[in-house]
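Student: Hi! Could you help me read this structure, one question at a time?
Tutor: Gladly, let's take a look together.

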Amino acid sequence: MSASIPVLVSNFELWNSIIEESKCGFSVDPFSLTEIENTLRFMLDDKELCENLGNAGKMAVLKNYNWKNEEEKLVQFYQKIIR
């Protein structure tokens with residue numbers, strides 16, 4: 001995502017929520033070769049869509065999925081367990 005490349009991930013709950021929230025790619029059933037192939041072909045055939053998805057992913061990383069945000073969560077967690 002940080003490289004502005006759209007993502008294709010397995011449709012696990014956490015990854016689905018990230019994909020849906022950031023609109024950076026697609027999630028598919030990892031056991032369905034047909035679904036994987038069709039989604040990859042769809043992505044390869046639409047360069048503008050892929051550019052938009054890639055840019056959305058990069059923005060998501062800059063805004064949400066970065067060390068600054070994670071640092072705050074980690075410090076709060078440590079403070080909570082120390083007390």
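Student: Where is F77 placed?
Tutor: A word first: this is a predicted model. We look for the element whose range of residues takes in F77. That range is 67-82, and the element is helix α4.

Student: Is F77 buried, partly exposed or exposed?
Tutor: The relative accessibility of F77 is 46%. Buried means under 20% and exposed means over 50%. With 46%, F77 falls between those limits, so it counts as partly exposed.

Student: Which residues form the nonpolar patch on the surface with F77, and what is their accessible area together?
Tutor: F77 is joined in this patch by W67, L74, Y78, I81 and I82. Taken together, the residues of the patch have an accessible area of about 700 Å².

Student: How many salt bridges does a search of the whole structure find?
Tutor: To count as a salt bridge, a side-chain nitrogen of Lys or Arg must lie within 4 Å of a carboxyl oxygen of Asp or Glu. Searching the whole structure for such pairs gives a total of three.

Student: Which residue meets R41 in a salt bridge, and how far apart are N and O?
Tutor: The partner of R41 is E37. These two are four residues apart in helix α2, so about one helical turn separates them. E37 has a relative accessible area of 38%, which means that it is partly exposed. From N to O, the distance in this salt bridge is 2.8 Å.

Student: What separates K68 and E72 along helix α4?
Tutor: K68 and E72 form a salt bridge, with their closest N and O atoms 3.3 Å apart. In sequence they are four residues apart within helix α4. The separation is therefore about one helical turn.

Student: Which of K68 and E72 is exposed, and which is partly exposed?
Tutor: We compare each value with the 50% limit, since exposed means over 50%. K68 has 52% relative accessibility, so K68 counts as exposed. E72 has 38%, so E72 counts as partly exposed.

Student: Which residue meets E70 in a salt bridge?
Tutor: E70 lies in helix α4, and so does its partner, three residues apart from it, about one turn of the helix. E70 has a relative accessible area of 32%, which makes it partly exposed. The N to O distance of this salt bridge is 3.1 Å, and the partner is K73.

Student: How far apart are the C-alpha atoms of E71 and K58?
Tutor: E71 is found in helix α4, and its relative accessible area of 34% makes it partly exposed. Along the chain, E71 and K58 are 13 residues apart. Their C-alpha atoms are separated by 19 Å.

Student: Is T39 buried or exposed?
Tutor: T39 lies in helix α2, which covers residues 33-45. Leaving aside neighbours within four places in sequence, its contacts are L8, F26 and V28. The relative accessibility of T39 is 13%, and buried means under 20%. T39 therefore counts as buried.

Student: Are α2 and α3 roughly parallel or roughly perpendicular to each other?
Tutor: Two packed helices are described by the angle between their axes and the distance between the axes. The axes of α2 and α3 come within 5 Å and cross at roughly 95 degrees. Angles of 65 to 115 degrees count as roughly perpendicular. α2 and α3 are therefore roughly perpendicular.

Student: Which residues make the contact between α2 and α3?
Tutor: On the α2 side, the contact is made by F42, M43, L44 and D45. On the α3 side, the residues are K47, L49 and C50.

Student: What is the phi of K23?
Tutor: Most residues other than glycine have a negative phi. K23 is found in the loop between α1 and β2, and it is exposed, with a relative accessible area of 56%. K23 is not a glycine, yet its phi is positive, at about 55 degrees.

Student: And where is S4 found, the residue with phi near 60 degrees?
Tutor: S4 also has a positive phi while being a residue other than glycine. At 28% relative accessibility, S4 counts as partly exposed. Its place in the chain is the segment before β1.

Methods. Residues are numbered from 1 along each chain as its sequence is written. This is a predicted model: local features need pLDDT of at least 70, side-chain atom pairs count only at pLDDT 80 or more; totals for chains, interfaces and linings use all residues. Side-chain values use heavy atoms; hydrogens and water are left out. Buried means under 20% relative accessible area, exposed over 50%, partly exposed in between (1.4 Å probe, protein chains only). Contact means heavy atoms within 4.5 Å. Patches are made of residues with over 30% relative accessible area and no salt bridge: like charges are joined within 9 Å, nonpolar side chains (Val, Leu, Ile, Met, Phe, Trp, Tyr) within 5 Å. Accessible areas come from the Shrake-Rupley method with a 1.4 Å probe; for residues, only the protein chains shown count as cover. Axes are lines fitted to C-alpha atoms, for helices over the stretch in contact, and angles run from 0 to 180 degrees between N-to-C directions. Angles under 35 degrees count as roughly parallel, over 145 as roughly antiparallel, 65 to 115 as roughly perpendicular and the rest as oblique.
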